[in-house]
Amino acid sequence: MRVLLVEDDAGVAEALTQGLRGSGWTVRHAATGRDALAALDDDPAVDLVLLDMGLPDHDGLWVCARIRERSGVAVVALTARRAEASVVAALRAGVDDYVVKPYSLAVLQARMEAVTRRSGGRPAPAPALDAGFSLDVEARRVRTADGEVALTAKEAELLAALLRHAGRPVTRAALMEEVWDTTWIGASRTLDVHVGTLRAKLGADVVETVRGVGYRLVPRGER
Ligand code: CA
């Protein structure tokens, strides 16, 4: 199994690399968020990303969101942040599991194995989608060829959820759960309203209604 270790502390990275190699993992190391994304682009067949949430260039949550735009690879966060809100934010950003520092190598490896087992049956990640724009969820901005569009927080999260499914239809229930943390059907009018405002801002053909299912982000080439 191949792991991409993203850790800026050289001593921690060295110790982890040795420990994991000793257990048969093939380890590639990146010291920054930028290097991590470049490494994933270079080698998309990585089985798992071990992601330190405190990196010098980008916040771990941001890096995780960018990873999720690229692939469904398993992500285990290494975090010193115990606060529940941080953990929730990490899970929402697409982390599969997290380990709070200081941790034992045995516990970390058990978590890594569990996560890769779970993701083993996962469909291969969809090919990268040419959406015709780039989304910065945290800044709530979409950059298009024509310029920048400001989004609300929920619009940005909804667009990110549609992007994660890379041009495939996404059910209303899945969108409600991913963006609003609810499957309460009475709240689904909210979903339609947000799709409407996204269409008004980005173009009516960007988000397609899939009858009886939900919505789909239409790749640029299909518009
Ligand atoms: Ca760090």
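Which loop holds Pro102? In this predicted model, Pro102 lies in the stretch that links strand S5 (97-100) to helix H5 (105-120). There's a quirk right at that spot: the peptide bond joining Lys101 and Pro102 is cis, with omega at about -5°. Another loop, the one between strand S6 (133-136) and strand S7 (141-144), has a quirk of its own, and Arg140 is the residue to look for there. Arg140 isn't a glycine, yet its phi is positive, at about 55°. Both details catch the eye because most residues other than glycine have a negative phi, and most peptide bonds are trans.

Next come the helices. A pair of packed helices is described by two things, the angle between the axes and the distance between them. Take helix H2 (residues 33-42) and helix H3 (residues 60-70) to begin with: their axes are 10 Å apart and the packing angle is about 15°. Angles under 35 degrees count as roughly parallel, so that is the label H2 and H3 get. The crossing of H2 and H3 is right-handed. On the H2 side, the contact is made by Gly33, Leu37, Leu40 and Asp41, while H3 brings Trp62, Val63, Arg66, Ile67 and Arg70. Sorted by character, the residues of this H2–H3 contact come out as five nonpolar, one polar and three charged.

Two of the H3 residues in that contact, Trp62 and Arg66, also have something going on with each other. The charged end of Arg66 sits over the ring of Trp62, at 4.8 Å from the ring's centre. As for aromatic pairs, the structure has zero of them.

Further along the chain, helix H6 (residues 153-164) meets helix H7 (residues 172-180), and here the axes come within 9 Å and cross at roughly 130°. That angle makes H6 oblique to H7. The H6–H7 crossing is right-handed. H6 puts Lys154, Glu157, Leu158, Ala161, Leu162 and Arg164 into the contact, and they meet Leu175, Glu178, Val179 and Trp180 of H7. The tally for the contact of H6 with H7 is six nonpolar residues, four charged ones and no polar ones.

H7 also packs against helix H8 (residues 188-202), at an angle of about 85° and with the axes 10 Å apart. Since angles from 65 to 115 degrees count as roughly perpendicular, H7 and H8 are described that way. From H7, the residues involved are Arg172, Leu175, Met176 and Trp180, and from H8 they are Ser188, Thr190, Leu191, Asp192 and His194. The contact of H7 with H8 splits into four nonpolar, three polar and two charged residues. Leu175 and Trp180 of H7 turn up in this contact with H8, and both are also listed where H7 meets H6.

Terms used:
Residues numbered from 1 in each chain as written. Predicted model: local features only at pLDDT ≥ 70, side-chain atom pairs only at ≥ 80, totals over all residues. Heavy atoms only, no water. Phe/Tyr/Trp six-rings, centres within 6.5 Å; stacked < 30°, edge-to-face > 60°. Lys NZ or Arg CZ within 6 Å of the ring centre and 35° of its normal. Axes fitted to C-alpha atoms, helices over the stretch in contact; angles between N-to-C directions. Helix = DSSP H or I, 4+ residues; strand = E, 2+ residues; numbered from the N terminus. Parallel < 35°, antiparallel > 145°, perpendicular 65-115°, else oblique. Left-handed = near helix turned anticlockwise from the far one by under 90°. Contact = heavy atoms within 4.5 Å. Nonpolar A, V, L, I, M, F, W, Y, C, P; charged D, E, K, R; others polar.
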